[in-house]
Amino acid sequence: MRKLLVSYITIGYPDKEGFIDFIKEADALGTDFFELGYPPNFAKYDGPLIRKSYNKVKLAYTNFYDLIKEARKATDKDIIVLTYLDSVKENLNSFLKYLRESGADGVLFPDLLIDFTDNYLDYVNKASEYGLYSVIFVNPFLPDKIISEASKVSNPFLYYGVRPTTGIATPVSLASLLNRLKSLTSNKVVVGFGLKNLNDIREAVSSGADGVAIGSLYVEAFENGGLERALEVVKKVREALDRIQ
């Protein structure tokens, strides 16, 4: 079965043209889902590269919904918008409404099970009311029971963050982490939040992951060599995933 490639890009990064061109080309290179980062007030679980991209687009744009609409025109793949629930919960209804009207298919709140554990299902149901599915983010520090229960309502896959923050490595075996997770869910599992290189990606998929979510590697490539370099990363990751089939 084909392994999933979830490609993350901050909305409007590095600029409007580069953002849209990345989506078009990454689609053609084999991305299965696009994860678009909507800048939060405080990206407390993101690493320095993603935070840098958030800070850059906050200075450049005031309307991120229009950029989502442009992204929708650029791909027919599902668009999942990632942001922190803490940043949008005060105007959640309008946020979800505008997301759906902009063409988003799903939403991912990385702080949902960490900071809103007791009533996370309320937010999953609220997103559903607006026609958006919820991708649930879990990490190794959550109790087994919560992971197991949340995985049942996470669609179209469960997102497993294997590191404390994006792009930051820790000396933990991906194989052991995934063995535990796979015993708790029958859902598809996409691994992200901390995959640093192709070896990490190969290890994650070889250990049972159904796909990977890549973000910091793209941002790093953009910073070092622009769009062309970022697309080289997409191509290499897709090729690495396909070789593991």
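## Exercises on a nine-stranded sheet

In this predicted model, 9 strands build an open sheet with parallel pairing, ordered β5-β4-β3-β2-β1-β9-β8-β7-β6. Let's work through it together.

**Exercise 1.** Find which strands stand at the edges of the sheet and say what this leaves on one side of each.

*Solution.* Start with the strand order, which runs from β5 to β6. β5 (133–134) and β6 each have a single partner strand, so one side of each lacks a neighbour in the sheet. Now take the β5 end: its partner is β4 (residues 106–108), joined to β5 in the parallel sense over 2 bridges. To locate the pairing on screen, pick V107, whose bridge partner in β5 is S134. Finally, look at the packing on the sheet: α11 touches β1 and β9 (211–214), and its direction makes about 170 degrees with that of β1.

**Exercise 2.** Work out how β2 (residues 33–37) is paired and whether its residues are buried or exposed.

*Solution.* Take one neighbour at a time. With β1 (residues 4–10), β2 pairs in the parallel sense over 5 bridges, and T10 has G37 as its bridge partner. Between these two strands the chain passes through helix α1 (residues 16–28), giving a right-handed β-α-β crossover. Next comes β3 (residues 78–82), which also pairs with β2 in the parallel sense over 5 bridges; here F33 stands opposite D78. Now check burial: 5 of the 5 residues of β2 are buried. Split them by face, and you get F33, E35 and G37 on one side, with F34 and L36 on the other, so both faces are covered.

**Exercise 3.** Determine how the buried residues of helix α8 (residues 144–151) are arranged around its axis.

*Solution.* First list them: I146, I147, A150 and S151. Then view α8 down its axis: these buried residues fall within an arc of 125 degrees, so they line one face of the helix. Last, ask what covers them; the elements include α6 (112–115), α7 (120–129), β6 (137–138), β7 (158–161) and α9 (174–182).

**Exercise 4.** Identify which residues touch the most other members of the largest nonpolar core, and which helix gives the most to this core.

*Solution.* The core holds 92 residues, and F95 and V212 touch the most other members. Helix α11 (residues 216–243) gives the most, with 11 residues. For a closer look at F95, leave out residues up to four places away in sequence: F95 then touches Y38, Y65, V81, T83, V88, V107 and F109. As background, nonpolar side chains tend to be buried together in soluble globular proteins.

Definitions and conventions:
Residues are numbered from 1 along each chain as its sequence is written. This is a predicted model: local features need pLDDT of at least 70, side-chain atom pairs count only at pLDDT 80 or more; totals for chains, interfaces and linings use all residues. Side-chain values use heavy atoms; hydrogens and water are left out. A nonpolar core is a set of buried Ala, Val, Leu, Ile, Met, Phe, Trp, Tyr and Cys residues joined through side-chain atoms within 4.5 Å. Buried means under 20% relative accessible area, exposed over 50%, partly exposed in between (1.4 Å probe, protein chains only). Helices (H or I, at least four residues) and strands (E, at least two) are DSSP runs, numbered from the N terminus. Contact means heavy atoms within 4.5 Å. The arc is that of the directions from the helix axis to the C-beta atoms. Two strands pair if DSSP finds at least two bridges between them. A crossover is right-handed if, with the strands pointing away from the viewer, the path from the first strand over the helix to the second runs clockwise. Axes are lines fitted to C-alpha atoms, for helices over the stretch in contact, and angles run from 0 to 180 degrees between N-to-C directions.
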